[in-house]
Every structure is written in structure tokens, then in C-alpha cells.
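User: Let's go through this one together, a question at a time. Keep the answers brief, and finish each one on the thing I asked for.

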Amino acid sequence: MLYRLVYVSTAREGLTDEEIGAILDVSQSNNHERYLTGFLAHNGRHFMQALEGAREEVDAVFSRILQDDRHFGVVQIVGEQITKRAFPDWAMNYFRADDPAVGTMVVRYNDPIDSLLPKDTPRELLHLFTRFLHIESLTP
Ligand SMILES: Cc1cc2nc3c(=O)[nH]c(=O)nc-3n(C[C@H](O)[C@H](O)[C@H](O)COP(=O)(O)O)c2cc1C
């Protein structure tokens, strides 16, 4: 069964770009091995991550993520069975709203989020990430 999970969390105070780089390296190689796909958005303070794949794989990685002390206050906001992946080509893509240059995607400031995500991203997901990034980009 194909499953999608989305959560939000708060980054540990003082989390560095190097530490985020390390998270992405491990995530991309682990996820690639397990055919987990998804998207990680960050704004310097909060994370929002979508993870999709076989239910057992998503649950297993999420239980590790829950215990990771590089962030806290993890709240799952979506857990649903799906028939199709929203991010089939991304082992874990990363977008940082306060500094897009740090992300693995090449984007310009003020690019709307829907230009970053695959064209057929489900509307609810697009809405979630759009709200997350817009709310956060208003935070000083
Ligand atoms: C915000 C955030 C997102 C993460 N995303 C993933 C992920 O998509 N895949 C993954 O394998 N690990 C992810 N991790 C890292 C895991 O928590 C864990 O460190 C990693 O899977 C290695 O686990 P292990 O040390 O038990 O082998 C993430 C960590 C954080 C803080």
C-alpha cells in the first residue's frame, strides 16, 4: 500500500547549514534505497516534510525522524493512502524559504511555490506547502 505522510516540526535552535546538509545527504541515500520520495521545506525555523512510499517504509523512517533531536515538536498533519506519488522523482528535495540559494532547487526569491512543485501535485498538498511557506516568509 502506497502511503503519504506530512508533518511539521521546529528546528533545534542553532541548527547549521552543515547539519541540514547532513540530514539531506542521509535522507537522499536512505530514501533512494527504500523508494521513499518527498519534499522538505524549511524557513530557518520550521520544517514541513512530505514523505511517500510503502506504508511500512514511511512508518519506519518517520519513527526515526520523531526521535531526531535536530528538531522537536513534530506534529503529523496528513496520513493517507494514495494511488500515485506527488514527487515520484525526488528522493528528498529541499527548499529553504528564507534563503532559496541554499536549497537543492534553483529558484528566485518570490517564486510562487507552485512553480517549484511538480505540475500535477495534488491541490491539498500544494495548498499546505503554499500556506506554510507564505506564513513563514512573513515572519521577520
Ligand atoms: C527534518 C528532518 C527530516 C528528515 N528526513 C529524513 C528522510 O526523509 N529520510 C531519512 O532517512 N532520514 C531523515 N531524517 C534523518 C533521520 O531522523 C535519521 O537521522 C536518519 O534516517 C538516520 O537514521 P539512523 O541513524 O537510525 O540510521 C530527517 C531528519 C530531520 C531532522
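User: Which residue in S3 stands opposite Phe39?

Analyst: Keep in mind that this is a predicted model, where local features need pLDDT of at least 70, side-chain atom pairs count only at pLDDT 80 or more, and totals for chains, interfaces and linings use all residues. Residues are numbered from 1 along each chain as its sequence is written. Elements are DSSP runs numbered from the N terminus (helices: H or I, at least four residues; strands: E, at least two). In S3, the residue opposite Phe39 is Ala50.

User: How many bridges join S2 to S3?

Analyst: The two strands run antiparallel and make a hairpin with three residues between them. For strands to count as paired, DSSP has to find at least two bridges between them. For S2 and S3, the number of bridges is six.

User: Which residue in the turn of that hairpin has a positive phi?

Analyst: The turn sits between S2 and S3. The phi in question is about 95°, and it belongs to Gly44.

User: S2 also pairs with S5; which residue there stands opposite Leu40?

Analyst: S5 covers residues 93-96, and its pairing with S2 is in the parallel sense, over four bridges. Across from Leu40 you'll find Tyr94.

User: How many of the residues of S2 are buried?

Analyst: Buried means 20 or more other C-beta atoms within 10 Å of a residue's own, exposed means 12 or fewer, and partly exposed is in between, with C-beta atoms placed from the backbone. Thr37, Phe39 and Ala41 point one way from S2, while Gly38, Leu40 and His42 point the other way, and all are buried. Of the six residues in S2, the buried ones number six.

User: Which residue of S4 is the bridge partner of Leu5?

Analyst: Strand S1 (residues 2-11) has nine antiparallel bridges to S3, with Leu2 opposite Ala54 there. S1 also pairs with S4 (residues 71-81), again in the antiparallel sense, over eight bridges. In S4, the partner of Leu5 is Gly79.

User: Moving to the helix, what span should H1 have, and how far apart are its end C-alpha atoms?

Analyst: The expected span is 1.5 Å times one less than the number of residues. H1 has 18 residues and should therefore span 26 Å, which agrees with the distance between its end C-alpha atoms, 25 Å.

User: Which strand do the buried residues of H1 pack against?

Analyst: Ile23, Ser27 and Asn31 are buried in H1. They cover an arc of only 45° around the axis (taken from the directions from the helix axis to the C-beta atoms), which puts them on the same side of H1. The face turned away from that side carries exposed residues, including Glu18, Asp25 and His32. The strand that the buried residues pack against is S2.

User: Is Asn31 buried or exposed, going by its neighbours?

Analyst: Asn31 touches Leu36, Thr37, Ala91 and Met92, leaving out residues up to four places away in sequence (contact means C-beta atoms, placed from the backbone, within 7 Å). Its C-alpha atom is also 9.1 Å from that of Trp90, which is 59 residues apart from it along the chain. Because it has 20 C-beta neighbours inside 10 Å, Asn31 counts as buried.

User: What phi does Tyr35 take, just after H1?

Analyst: Tyr35 sits in the loop between H1 and S2 (37-42). Its 13 C-beta neighbours inside 10 Å are why it counts as partly exposed. Most residues other than glycine have a negative phi. Tyr35 has a positive one, of about 50°.

User: Which element gives the most residues to the shell around the ligand?

Analyst: Of the 16 residues around the ligand, Ser27, Asn30, Phe47, Asp68 and Arg70 come nearest (near means a C-beta atom, placed from the backbone, within 6 Å). Two or more residues each come from H1 (17-34), S3 (46-54) and H2 (55-66). With five residues, the element giving the most is H1.

User: To finish, what order do the elements of the protein follow from the N terminus on?

Analyst: The protein has three helices and five strands. Of its 140 residues, 27% count as buried. From the N terminus on, the order is β-α-β-β-α-β-β-α.

How values were computed: Contact = placed C-beta atoms within 7 Å.
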